[in-house]
Structures are given as C-alpha cells and as structure tokens.
Amino acid sequence: MIDAGTKLMKILIPAYEPDKRMLYLIKELHEKTCDQIIIVDDGSGPAFQKIFTAAREMGCILLRQDANQGKGAALKTGLQYLLSKGELEGVVCADCDGQHSVSDIMKVAAVTREKPGHIILGSRQFVGEVPWRSRLGNTLTRSIFTLATGSRIYDTQTGLRGYSAGMFNWLLQVPGLRYEYELNILLEAQQDGYPVYEIPIATIYEDNNQSSHFHPLFDSIRVYLPLLKFSASSMAAAGIDFVMLLILQMAFGNLLVSVVGARLGSSLFNYLCNRYLVFKEGPRHSWSSLLRYYSLAVAILACNLSMMWLLVNALAVPLIPAKLLTEGTLFAISYWVQKKYVFLQPKTRQSIPILQHVVK
C-alpha cells in the first residue's frame with residue numbers, strides 16, 4: 001500500500017522518440033506514487049506510437065503535438081493542460097530517457113510543496129563517468145550564466161524541476177520552444193523575482209547519453225543566443241566607433257571632436273540594438289532607458305579607467321592582460337545591469353495558443 005505521505009503532485013514528461021526506459025520509469029512511478037503522469041508526444045511519428053500507446057494503457061494522460069516543436073513547446077503543452085484542469089498543487093517535470101531516478105523525482109516534489117513560489121532544480125553533481133559533452137556543456141553554460149546574471153546555479157541544464165501551480169501562467173509566457181526554454185526560465189526568474197532552489201540528485205547516463213536529442217551546435221546557439229546577440233551588438237558598435245573616428249578626423253581634423261562624435265554615434269547604435277534586438281524592451285520606456293543606458297556608460301567608463309590604473313600602476317600587471325581582464329569583467333557587468341535595470345521588459349505578454357490535443 002502507498003503511504004499518503006509519498007503522494008506526488010502531477011508529473012510532466014516531455015518525450016521525443018522515447019524508448020522503453022520511459023515505460024520503466026512510468027511503471028516505477030506508479031508503484032511508488034499514486035498521482036497522475038502527463039506524457040507529451042512531441043511529434044515523434046508513427047514508429048514510436050507503440051511506446052505512447054503503452055504509456056496511455058498504463059494510466060498516463062497522453063498529449064500529442066502533430067509535429068516536432070521542441071522540448072520547450074512540449075513543456076508548455078503540458079503546463080497549458082494542467083492550467084486548463086485547474087491544477088492547484090504544482091508539477092514536477094522529468095526527462096523520459098532514464099536520467100532521473102524515482103527517488104529524486106519524489107525528492108523534488110516534496111521540496112516543491114515545501115517552498116511554494118520557488119523554482120526547484122534537481123541539481124546533478126557530475127561525478128563518476130559523465131559524457132564529455134554533458135560535462136563540458138553544463139560547465140560552459142554555468143560559467144556564462146554566472147557572468148551574465150551574477151548568480152551561481154550549479155546545474156542550469158537539468159530537466160528535473162518543480163514548479164508551483166501559481167507559476168503556470170508565468171511559465172507559459174517565458175520565450176523559447178526548444179532547449180533554450182529551460183535556460184530562459186532561469187534568466188527570467190532572476191528578473192521576475194522567483195527564487196531558485198537546488199537540491200542534489202544522482203547523475204545517471206546510460207549508453208554515454210546517446211539517446212539525448214540535444215544538438216551540441218544548433219541547440220547551444222539557441223541557449224547562448226541572448227549573450228551572443230549582446231556580444232555582436234558590442235562588436236558592431238566598436239567597429240562603427242573606429243570607422244566614424246577616421247571619417248570625422250579626416251573631415252574636421254580635431255581629435256576631441258572626432259573621439260566624442262564617434263563615441264556618441266557608436267553608443268547610440270549600441271543602445272538601439274540592445275533595446276530592440278537583444279533585450280526587446282517594451283515601447284513605453286524609451287527615454288528612461290536611454291537615460292539609464294548613458295548613465296551606465298559613464299559608470300562603465302569610470303570603472304574602466306579605475307581598474308586599468310589599479311592593475312597597471314598599483315599591481316604592476318602588464319598592459320595587455322590588464323586590458324583583457326578589465327574588458328571581460330565590465331562586459332559581464334554591463335550585460336547583467338542592462339538586462340536587469342536598463343531595459344525593462346513589458347509586464348504583460350501575448351498569450352500562447354493551445355498546442356496540444358489529448359489522446360483519448
């Protein structure tokens with residue numbers, strides 16, 4: 001008999017081309033819990049319908065997307081279903097490929113109940129034999145996330161997560177349809193005031209994680225896209241600054257006029273790119289964000305001069321390493337401040353259309 005204390009909230013499993021490991025997970029979950037499991041078929045195709053039919057016959061709710069739209073879209077499909085059914089407790093999201101043990105799923109569910117309004121992450125510890133692409137990918141993402149936000153999260157890519165029911169509407173508004181969605185949740189949480197709480201879980205990889213559908217190149221680009229766009233905007237502005245400096249110097253022959261004019265032109269270009277392409281600020285904040293942007297630019301310039309003086313003159317660091325260290329540090333600070341304080345995101349977003357249908 002199942003102890004009432006072990007009863008979980010709803011369990012949501014997005015699945016693309018799953019194998020029998022998903023059925024083993026469902027069987028063990030049913031043996032140790034008595035709550036409902038929602039499976040989302042993310043357009044896996046006819047060859048995998050026996051697996052999904054078996055899952056439905058085991059008592060799971062099966063939602064189906066006719067075409068593959070990505071993990072983020074599948075998670076949103078499940079969240080929309082739970083919202084439409086008036087779910088009050090919350091949900092635990094888990095992967096279908098055997099990477100999460102039932103005991104860890106139950107652990108995340110318990111903490112989700114204890115900490116409403118928090119994002120609960122099952123944080124893998126990456127000990128033992130871990131595939132190189134998984135270890136490298138998480139280390140890189142963790143480092144970039146820390147630099148970009150100022151917050152340290154050990155496992156930014158974990159698929160084992162717990163969310164309170166009151167967060168469902170917010171989760172549906174977070175952008176992203178593929179693997180970038182889960183990182184976007186953490187980035188948006190920093191801005192929207194949802195605390196992140198990590199609990200350690202086992203790191204399980206079978207067959208060197210060959211069943212993962214994460215593409216190292218294309219999905220990594222999606223995950224890192226906000227930071228890549230910010231970097232591209234900064235580099236383009238630097239190029240414009242250089243070209244304008246040469247043009248103005250040839251036109252006026254005055255270095256002060258050339259330097260100031262080039263910096264004003266390049267900084268305005270950088271502001272417009274960051275506002276409309278990188279952070280996509282709402283239309284109501286233009287003048288206030290412009291003032292915040294230039295206030296930050298002045299502060300960054302002052303910090304640049306101070307850090308360079310300290311490193312070169314006080315600590316005797318060579319010029320080139322000092323410049324690289326200064327620019328790298330201030331780049332990360334500038335990204336974080338612009339995202340959190342300079343470009344304010346609109347409070348309301350468009351609703352997401354229903355993506356799924358329920359298989360009876």
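Buried, as the word is used on this tour, means under 20% relative accessible area, while exposed means over 50% and partly exposed lies in between, for a 1.4 Å probe and protein chains only. The model is predicted, and local features need pLDDT of at least 70 and side-chain atom pairs count only at pLDDT 80 or more, whereas totals for chains, interfaces and linings use all residues. Residues are numbered from 1 along each chain as its sequence is written, and side-chain values use heavy atoms, with hydrogens and water left out.

**The whole chain**

Begin with the whole chain in view: 46% of its 360 residues count as buried, and it holds 11 helices and 8 strands. Helices (H or I, at least four residues) and strands (E, at least two) are DSSP runs, numbered from the N terminus. If contact is taken as heavy atoms within 4.5 Å, then among contacts between residues at least 6 apart in sequence, 76% join residues at least 24 apart.

**Strand β4 and its partners**

Select residues 90-93, which form strand β4. Gly90 and Val92 are buried on one side, and Val91 and Cys93 are buried on the other, so that both faces of the strand are covered. In a regular strand the side chains alternate between the two faces of the sheet.

Now add strand β1, residues 10-15, which pairs with β4 in the parallel sense over 3 bridges; two strands pair if DSSP finds at least two bridges between them. To find one of these bridges, select Ile11, whose partner in β4 is Val92. Then show strand β6, residues 161-164, which runs antiparallel to β4 and is joined to it by 4 bridges. Here Val91 stands opposite Tyr163 of β6.

**Strand β5**

Keep β6 on the screen and select strand β5, residues 119-124, in which 6 of the 6 residues are buried. Ile119, Leu121 and Ser123 lie on one side of β5, and Ile120, Gly122 and Arg124 lie on the other. The strands β5 and β6 run antiparallel and are joined by 2 bridges, and Leu121 has Arg161 of β6 as its bridge partner. Adding strand β7, residues 196-201, brings in 6 bridges to β5, with the two strands running parallel. Ile120 can be selected together with Tyr197, its bridge partner in β7.

**Helix α1 and the loop before it**

Go back to β1 and select Glu17, which sits in the loop between β1 and α1. Glu17 has a phi near 50°, a positive value in a residue other than glycine. Most residues other than glycine have a negative phi. At 31% relative accessibility, Glu17 counts as partly exposed.

Next, select helix α1, residues 20-32, together with helix α4, residues 102-114, and look at how they pack: the angle is about 55° and the axes are 10 Å apart. Axes are lines fitted to C-alpha atoms, for helices over the stretch in contact, and angles run from 0 to 180 degrees between N-to-C directions. That angle makes α1 oblique to α4, because angles under 35 degrees count as roughly parallel, over 145 as roughly antiparallel, 65 to 115 as roughly perpendicular and the rest as oblique. To see the contact itself, show Leu25, Glu28, Leu29 and Lys32 of α1, which meet Val102, Ile105 and Met106 of α4. These residues divide into 5 nonpolar, no polar and 2 charged, where Ala, Val, Leu, Ile, Met, Phe, Trp, Tyr, Cys and Pro count as nonpolar, Asp, Glu, Lys and Arg as charged, and the others, Gly among them, as polar.

Hide α4 and bring up helix α2, residues 49-57, which packs with α1 at an angle of about 5°, again with axes 10 Å apart. This makes α1 roughly parallel to α2. On α1 the contact is made by Lys20, Met22, Leu23 and Ile26, and on α2 by Ile51, Phe52, Ala54 and Ala55. By class, the contact has 7 nonpolar, no polar and 1 charged residues.

**Towards helix α11**

Move on to Ala316, in the loop between α10 (286-314) and α11. Ala316 has a positive phi, near 60°, in a residue other than glycine, and at 61% relative accessibility it counts as exposed.

Finally, select Tyr341 in helix α11, residues 319-342. Tyr341 is partly exposed, with a relative accessible area of 46%. Which residues is Tyr341 in contact with, leaving aside its neighbours within four places in sequence? They are Arg292 and Trp336. Although Tyr341 and Arg292 are 49 residues apart along the chain, their C-alpha atoms are separated by 8.0 Å.
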